[in-house]
Amino acid sequence: FTMKSSENKPLSASRIKTLQTCSWQYWCKYHLKMPDTSNHGSLRGTICHAIFENLGNPKHKRHYNKIVKAQDINVSPPIKRMVTAYAKKYEIDDFENLDLINQMTVEGLNYDFFGDKNGKPSESISEKDFDIKVTEGDKNFRILGFIDKLFLFKRKKEAVIRDFKTSKRIISGKDYTDNMQHLMYCLAVKYLYPEYLKRTMEFLFVKFNCDTEGSVIMNSLDDDELEGFEYFLTEIQGVINNFTEETGKSSLAFNKGYPAKDEGFAGKIVCGRAEYKGQLKKDGTLMWHCPFKFPQTYHVAVDEEGNRVMSAFSVKELKEKLDSTEHDLLKIEKVKYDGCPAFSFDRDDDLL
C-alpha cells in the first residue's frame with residue numbers, strides 16, 4: 001500500500017544514498033536510531049559549514065574581509081571563539097584539527113564567496129532550507145535539504161547552487177554522473193524558483209585548490225531528466241514509507257561484492273575489514289569498520305508513542321543532548337544490538 005502524501009517520510013540526498021549503499025545501514029540509522037560515531041572529518045566539516053553560514057551574512061562582511069586579507073580565520077575574535085567552542089564540544093580541539101579547519105575555511109572563502117565573479121547576483125542566500133511536498137498525477141514524494149549557498153541572477157534567469165565539501169576525495173565515476181545531491185538540489189530549485197530556467201550546481205572541495213581541481217561544475221540537467229528523477233523519488237518514497245527490518249536485510253552492502261573501479265565507496269568496502277571492534281592495523285592505527293557492524297549496547301530516548309527520538313552510548317551523554325523540557329517527556333531505555341546480519345557473532349558475548 002502507499003501512504004498518503006501527508007504521511008510521506010522526508011527524503012534527503014543522504015537518506016537515499018544510505019539506502020542505496022546498504023539497506024541495513026539505513027535500518028540502523030533511521031529506524032533503530034543508533035548512535036553513529038562521526039569521524040573527525042565530518043565534525044570538521046560541520047564547523048566549516050557553520051563559519052560559511054555565519055560569514056555569508058552581509059552584516060559580517062568586515063570579518064570576512066579581515067580573514068581573507070590575513071588568510072587566517074583566527075584574526076576574527078567572534079569566529080575564533082565559535083570555532084574553539086565547537087571544536088571543544090566535538091573533542092577535536094588539537095592543533096592538527098584546528099589547522100585543517102582554518103585551511104579549508106580560508107579556501108572556501110577565497111573562491112568567489114559572494115558569487116559575483118560573473119556579475120553581481122540579484123539575490124545571495126546562505127543555508128537555504130527546503131521541504132517540498134509533491135502529489136500530482138503519478139508523482140508522490142517529499143524532499144528535504146539545505147543548500148549551502150544559492151546565487152540567483154534574475155536577468156540571466158540562472159540559479160547557481162553551491163555545496164561545500166570537506167571530504168578527502170573529489171567525486172568521479174558514478175558519484176559524478178549519478179549524483180543524488182545534484183539531482184535533488186536542482187529539482188528543489190526548480191520548484192522554489194521556477195522562473196530561473198538555468199540551474200548550475202557546483203561542488204567546492206575545500207581540501208583542494210578551488211581555483212583548479214577543487215571546483216567541480218556539474219553537467220546541467222534538462223527538465224526531462226528532472227522529471228525522470230521525480231518518478232524515481234516516487235518509487236523510493238514507497239520503499240522508505242513502508243520500511244521494515246526485513247527490508248533492512250534485503251540489500252546488504254556485504255552481498256554486493258567489491259565495487260567496480262568507477263563505483264567508488266560501495267559494496268563490501270563499506271563493511272570495513274576489521275574482524276572485531278578495536279582491531280589494529282599493522283602500523284598500530286585503528287582499523288576502520290562500519291559503525292553498525294559489531295554487537296553493542298547503547299541508550300535511546302523514547303517518546304510516549306514509543307518512537308526513538310535520540311540516542312547515545314551512555315546515559316550521561318544522552319542526557320547532555322536533551323534539553324530540560326525533553327527530560328520530563330522522554331523515557332531512557334538501554335538497547336542491546338546484535339550486530340549486522342551479514343556477519344555471524346557469538347550473540348551470548350557480554351557487550352561492552
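**Close-ups of a predicted model**

**View 1. D93 sits in the loop between α5 and α6 (95-110).** Keep in mind that this is a predicted model. D93 is partly exposed, at a relative accessible area of 42%. It has company here: E91, D93, D94, E96 and E317 make up a negative surface patch.

**View 2. S76 is tucked into the loop between α4 (61-70) and α5 (77-89).** Is S76 buried or exposed? With a relative accessible area of 0%, S76 is buried. Setting aside residues up to four places away in sequence, S76 touches H63 and I67.

**View 3. V134 is a buried residue of strand β1 (residues 123-136).** The relative accessibility of V134 is just 3%, so it counts as buried, the cut-off being under 20%. Which residues does V134 contact, once neighbours within four places in sequence are left aside? They are K139, N140, F141, Y191 and E230. Look out for T234 as well: its C-alpha atom is 9.3 Å from that of V134, though the two residues are 100 apart along the chain.

**View 4. D131 and R142 pair up through their side chains in a salt bridge.** The N to O distance is 2.8 Å. D131 belongs to strand β1 and R142 to strand β2 (residues 139-153), so this pair ties together parts 11 residues apart in sequence. D131 counts as partly exposed at 35% relative accessibility, whereas R142, at 18%, counts as buried.

**View 5. R199 and D223 form another of the structure's 15 salt bridges.** Here the side chains meet at 2.9 Å, N to O. Because R199 lies in strand β4 (residues 198-205) and D223 in helix α9, the bridge ties together parts that are 24 residues apart in sequence. R199 counts as buried at 8% relative accessibility, while D223 comes out partly exposed at 41%.

**View 6. K139 and E227 are joined by a salt bridge.** How far apart are the closest N and O atoms of K139 and E227? The gap is 3.3 Å. K139 is in strand β2 and E227 in helix α9 (residues 223-241), so the pair links parts that are 88 residues apart in sequence. K139 counts as buried, with 9% relative accessibility, and E227 is partly exposed, with a relative accessible area of 32%. For the wider picture, follow the shared partners: salt bridges join E136, K139, E227 and E230 into one network. Two members of that network, K139 and E230, also turn up among the contacts of V134.

Definitions and conventions. Residues are numbered from 1 along each chain as its sequence is written. This is a predicted model: local features need pLDDT of at least 70, side-chain atom pairs count only at pLDDT 80 or more; totals for chains, interfaces and linings use all residues. Side-chain values use heavy atoms; hydrogens and water are left out. Helices (H or I, at least four residues) and strands (E, at least two) are DSSP runs, numbered from the N terminus. Buried means under 20% relative accessible area, exposed over 50%, partly exposed in between (1.4 Å probe, protein chains only). Contact means heavy atoms within 4.5 Å. Patches are made of residues with over 30% relative accessible area and no salt bridge: like charges are joined within 9 Å, nonpolar side chains (Val, Leu, Ile, Met, Phe, Trp, Tyr) within 5 Å. Accessible areas come from the Shrake-Rupley method with a 1.4 Å probe; for residues, only the protein chains shown count as cover. A salt bridge is a side-chain nitrogen of Lys or Arg within 4 Å of a carboxyl oxygen of Asp or Glu. Lys and Arg count as positive and Asp and Glu as negative; His and the chain ends are not counted. The place of a charge is taken as NZ of Lys, CZ of Arg, CG of Asp or CD of Glu.
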